[in-house]
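Okay, thanks everyone, I'll keep this informal. Let me put the structure up, and then we can walk through it piece by piece.

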Amino acid sequence: MDEWQAWCSAHGGHFDAVGRLVFEGHARELQAARDGQTVFSPLTQFALLRVSGADALDFLQGQLSSDLRELNGTNAQYSSYSSAKGRMLASFLVWRQGDDFYLMLSADIADAIQKRLSMFVLRSKVKIERVDREYRLLGVAGEAAIDVLAAIGLIVPSEAMLLSETAGGVAIRQRAGSYLLALPEMTALKSVSALLDKAVRPIGNQAWDAFDIAAGIAWVTRPTQEQFVPQMANMDLIGAVSFKKGCYPGQEIVARTQYLGKLKRRLFRATVAAEVAVGDALYSPSVPGQTIGMVANIVRTGEAQMELLVVVQAAAWESGIFVGSPEGVRLSPLTLPYDLPASN
């Protein structure tokens with residue numbers, strides 16, 4: 001057990017079978033977060049890759065869907081990495097610090113993505129390493145979060161997707177209104193202790209995930225790898241896809257989907273009174289005899305009550321979506337904080 005895990009365990013947290021941090025009282029944690037109370041979470045559900053070397057920018061520009069040239073050390077962007085068939089293998093939050101690039105992604109796919117990207121380095125002057133033990137990921141949110149962070153000596157940006165260097169690491173304000181901190185391990189440990197001294201409540205990974213679900217930010221995990229073209233997961237609507245940059249894996253299919261009107265599926269937000277899992281199939285009476293989508297991300301909001309991000313055929317959304325089977329439990333639609341384009 002490393003220092004970060006030891007801290008979590010010492011303060012009432014434990015790790016489930018897939019390594020996600022859980023504190024007791026998830027329902028109370030979730031309510032506190034939704035009420036605007038200041039909360040923090042050690043983000044063990046994510047990992048961090050560092051891409052360094054003289055050719056790092058050119059290498060990533062040829063692999064990811066966003067335009068890495070727009071990163072200048074004061075901002076962050078979402079991005080994705082696809083197969084040659086245009087299906088996402090990973091989604092990221094990306095930022096630049098000096099000449100190095102940092103890619104935050106789901107921890108369950110991090111080692112595989114590091115290995116796959118490394119296969120294409122060839123003779124380029126590029127090094128790809130996993131550094132989420134060197135830099136710990138910490139989330140802080142709440143109406144008073146910016147003031148609390150300032151009080152413990154951490155300066156964070158006030159606008160979405162901006163970055164500030166602080167305490168040997170970085171702070172990023174995310175689209176969800178929360179703050180992501182990537183700090184050296186000892187600084188992170190001191191910071192969480194200081195947050196506890198300020199009566200800031202720790203919450204588990206699942207409660208934290210509710211922020212991204214409410215913001216319509218989908219994260220690719222192992223069950224959803226190679227299931228979605230980036231636009232299906234609304235990556236184009238959160239700045240994760242550039243249609244002006246050069247080639248990258250799957251770029252031709254991503255561009256064809258955009259310009260030829262072939263996009264039939266989109267990401268939606270919903271709630272359901274049933275036990276569901278990421279990767280579960282979805283059905284609609286308007287399209288009998290076949291699945292019309294998949295559960296992308298989930299958060300439990302009550303006993304047998306879940307909030308979801310789902311990728312489904314947009315034309316079927318108004319007809320009703322059912323989980324598990326055509327006779328399953330019907331999803332109840334929730335709004336997204338951004339507008340979806342008209343169905344093609």
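Let's start with a sheet of seven strands, which is open and ordered E19-E18-E15-E16-E17-E14-E20, with antiparallel pairing. Its edges are strand E19, residues 329-330, and strand E20, residues 332-334, and each of those pairs on one side only. Before I go further, keep in mind that this is a predicted model.

Inside that sheet, have a look at strand E15, residues 281-283, and strand E16, residues 293-302: the two are antiparallel, with two bridges between them. If you want to find the register on screen, Ala 281 has Met 294 in E16 as its bridge partner.

Now for the helices on this sheet. H2 lies across E16 and strand E17, which is 305-313, and runs at about 95° to E16. H7 packs on the sheet too, where it touches strand E14 (265-272), E16 and E17, and its direction makes about 125° with that of E16.

And how do H2 and H7 pack against each other, at what angle and how far apart are their axes? Helix H2, residues 26-34, and helix H7, residues 205-215, pack at about 35°, and their axes are 9 Å apart. The crossing of H2 over H7 is right-handed. On the H2 side, the residues making the contact are His 26, Glu 29, Leu 30, Ala 33 and Arg 34, and they meet Gln 206, Ala 207, Ala 210 and Phe 211 in H7. Sorted by class, that contact has five nonpolar, two polar and two charged residues.

Carry on past H7 and you come to Gln 231, in the loop between H7 and helix H8 (251-259). Is Gln 231 buried or exposed? Its relative accessibility is 0%, so Gln 231 counts as buried. As for what surrounds the residue, leaving out anything up to four places away in sequence, Gln 231 touches Asp 236, Phe 243, Val 254, Thr 257, Gln 258, Leu 263, Arg 265 and Arg 266.

Okay, on to another sheet. This one is open with six strands, in the order E10-E11-E12-E9-E3-E13, and here the pairing is mixed. The edge strands are E10, at 163-166, and E13, at 201-202, each pairing on one side only.

Starting from the E10 edge, four bridges join E10 to strand E11, residues 169-173, and the two run antiparallel. Leu 163 has Ile 172 in E11 as its bridge partner. The hairpin of E10 and E11 has two residues between the strands, and Ala 167 there takes a positive phi near 50°.

Further into the sheet, strand E9 (residues 135-141) pairs with strand E12 (residues 179-184) in the antiparallel sense, over six bridges. One pair to pick out is Leu 137 with its bridge partner Ala 182 in E12. There's a helix on this sheet as well: H6, residues 185-197, lies across strand E3 (39-42), E9, E12 and E13, at about 130° to E12.

Last topic, the cores. In soluble globular proteins, nonpolar side chains tend to be buried together. Here the largest nonpolar core has 78 residues, and Leu 93, Trp 95 and Ile 113 touch the most other members. Which strand gives the most to this core? That's E6, residues 88-97, with seven residues. Apart from that core lies another one of 20 residues, including Trp 7, Leu 21, Val 140 and Leu 149.

That's my tour, happy to take questions.

Terms used
Residues are numbered from 1 along each chain as its sequence is written. This is a predicted model: local features need pLDDT of at least 70, side-chain atom pairs count only at pLDDT 80 or more; totals for chains, interfaces and linings use all residues. Side-chain values use heavy atoms; hydrogens and water are left out. Two strands pair if DSSP finds at least two bridges between them. Contact means heavy atoms within 4.5 Å. Axes are lines fitted to C-alpha atoms, for helices over the stretch in contact, and angles run from 0 to 180 degrees between N-to-C directions. A crossing is left-handed if the near helix is turned anticlockwise from the far one by less than a right angle, and right-handed if clockwise. Ala, Val, Leu, Ile, Met, Phe, Trp, Tyr, Cys and Pro count as nonpolar, Asp, Glu, Lys and Arg as charged, and the others, Gly among them, as polar. A nonpolar core is a set of buried Ala, Val, Leu, Ile, Met, Phe, Trp, Tyr and Cys residues joined through side-chain atoms within 4.5 Å. Buried means under 20% relative accessible area, exposed over 50%, partly exposed in between (1.4 Å probe, protein chains only).
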